Amino acid sequence: MTRNRSLSPHARALLAILAESGSRWAHGYDLCQRAGIKSGTLYPLLIRLEKQGYLEAEWQSPAEPGRPPRHAYRLTSTGRALALENPPLGSAGGTKLSEGLA
């Protein structure tokens, strides 16, 4: 039996932000700030979406010497489709999201 659950408002907001970023990589801290999601919610969500094949992730070398590597994320093609099917709830972001994915 396939479980059919709707996405949480946090997941929808995160997908919209990643979709607006296009093919650019986004870092977790920036995603926390832009989505207004606390890290304790964001990182499990990122891990789950990556395991489901909606995100790809990589470690990136620091831009400044002495800084730690950063984990970066971006949507896969199936993630972009999921973002289009699930725009943020209660916002007009759907139009902007559609434009960013076209």
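By class, which residues make up the lining of the largest pocket? Let us keep that one in mind and walk through the fold before coming back to it.

The model you are looking at is a predicted one. Its protein has five helices and three strands, and reading along the sequence gives the pattern α-β-α-α-β-β-α-α. Of the 102 residues in the protein, buried ones make up 33%. If you take the contacts between residues at least 6 apart in sequence, 52% of them join residues at least 24 apart.

The strands are a good place to start. They form an open sheet of three strands in the order β1-β3-β2, and the pairing is antiparallel. Since β1 and β2 stand at the edges with a single partner strand each, one side of each is left without a neighbour in the sheet. As background, the strands of a sheet pair through backbone hydrogen bonds, either parallel or antiparallel. Here, β1 and β3 are paired over two bridges, and on this side A26 stands opposite Y73 of β3. Strand β2, residues 55–60, is joined to β3 by six bridges. Two of the residue pairs to look for are E56, whose bridge partner in β3 is R74, and Q60, which stands opposite R70 in β3.

Now turn to the nonpolar core. In soluble globular proteins, nonpolar side chains tend to be buried together. The largest nonpolar core here has 19 residues, and L14 and L31 touch the most other members. At least two residues of this core come from each of α1 (9–20), α2 (28–35), α3 (39–51), β3 (70–75) and α4 (77–85). Helix α1 supplies the largest share, six residues. To see how the pieces meet, try selecting L31: leaving aside neighbours within four places in sequence, L31 is in contact with L14, I17, L18, A26, G36, L42, L46 and Y73. Two names on that list, A26 and Y73, are the residues that stand opposite each other across β1 and β3.

Next to A26 in the sequence comes H27, which is found in strand β1, residues 26–27. Is H27 buried or exposed? With a relative accessible area of 15%, H27 counts as buried, because the cut-off for that label is under 20%. Beyond its neighbours within four places in sequence, H27 is in contact with Q60, R70, H71 and A72. Among these, Q60 and R70 are the pair facing each other across β2 and β3.

H27, Q60 and R70 also appear together in the lining of the second largest pocket, along with S61, P62, A63, E64, R67 and P68. This pocket has a volume of about 180 Å³. Its lining is split evenly by class, with three nonpolar, three polar and three charged residues.

That brings us back to the largest pocket, which holds about 410 Å³ of space. It is lined by 14 residues, and those nearest its centre are R5, S6, L7, R48 and Q52. Helices α1 and α3 are the elements that give two or more residues to this lining, and α3 gives the most, with four. And the opening question? The lining of the largest pocket has six nonpolar, six polar and two charged residues.

Note on methods
Residues numbered from 1 in each chain as written. Predicted model: local features only at pLDDT ≥ 70, side-chain atom pairs only at ≥ 80, totals over all residues. Heavy atoms only, no water. Core = buried A, V, L, I, M, F, W, Y, C linked by side-chain atoms within 4.5 Å. Buried < 20%, exposed > 50% of the residue type's maximum accessible area, 1.4 Å probe, protein only. Contact = heavy atoms within 4.5 Å. 1 Å grid on protein atoms, 1.4 Å probe; cavity = no way out; pocket = protein on both sides within 12 Å on 5 of 7 lines; lining within 4 Å. Points joined across faces, edges and corners; volume = space filled by probe spheres on them. Nonpolar A, V, L, I, M, F, W, Y, C, P; charged D, E, K, R; others polar. Pairing = 2+ DSSP bridges.
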